[in-house]
Amino acid sequence: MATIKIKQVKSKINAPKVQKRTLEALGLRKMNQVVVKEDNPAILGMVNKVRHLVEVENA
């Protein structure tokens with residue numbers, strides 16, 4: 001099963017509430033925090049919504 005590493009690289013302070021909640025749902029609470037998630041359509045859709053706040057790489 002494929003996994004991806006998601007790292008928050010920008011602050012969520014000025015982001016809309018929907019994007020803040022998406023980051024929380026991904027498990028990102030602080031800057032430079034990295035989480036490893038399964039590579040599935042639901043996670044990729046969430047990452048797409050906050051792509052300007054995160055960096056993604058294959059794990």
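1. At 33% relative accessibility, E24 counts as partly exposed, and this glutamate is a useful place to begin reading the model, which is predicted. K12, E24 and R29 are linked in a network of salt bridges, and the structure as a whole holds two such bridges.

2. One of these bridges joins K12 to E24, with the closest N and O atoms 2.7 Å apart. Because K12 lies in the loop between β1 and α1 while E24 belongs to helix α1, the pair ties together parts that are twelve residues apart in sequence. K12 has a relative accessibility of 19% and therefore counts as buried, the cut-off being under 20%.

3. R29 also forms a salt bridge with E24, and here the closest N and O atoms are 2.5 Å apart. R29, at 48% relative accessibility, counts as partly exposed. As general background, side chains of opposite charge can pair when their charged atoms come close.

4. Turning to the interior, the largest nonpolar core has twelve residues, among them I4, I6, L26, I43 and V54. Two or more residues of this core come from each of β1 (3-8), α1 (17-26) and α2 (41-49). In soluble globular proteins, nonpolar side chains tend to be buried together.

5. Within that core, which residues does I43 contact once its neighbours within four places in sequence are left aside? The contacts of I43 are then I4, I6, L26, K37 and E38; of these, I4, I6 and L26 are themselves listed in the largest nonpolar core.

Note on methods
Residues are numbered from 1 along each chain as its sequence is written. This is a predicted model: local features need pLDDT of at least 70, side-chain atom pairs count only at pLDDT 80 or more; totals for chains, interfaces and linings use all residues. Side-chain values use heavy atoms; hydrogens and water are left out. A nonpolar core is a set of buried Ala, Val, Leu, Ile, Met, Phe, Trp, Tyr and Cys residues joined through side-chain atoms within 4.5 Å. Buried means under 20% relative accessible area, exposed over 50%, partly exposed in between (1.4 Å probe, protein chains only). Helices (H or I, at least four residues) and strands (E, at least two) are DSSP runs, numbered from the N terminus. Contact means heavy atoms within 4.5 Å. A salt bridge is a side-chain nitrogen of Lys or Arg within 4 Å of a carboxyl oxygen of Asp or Glu.
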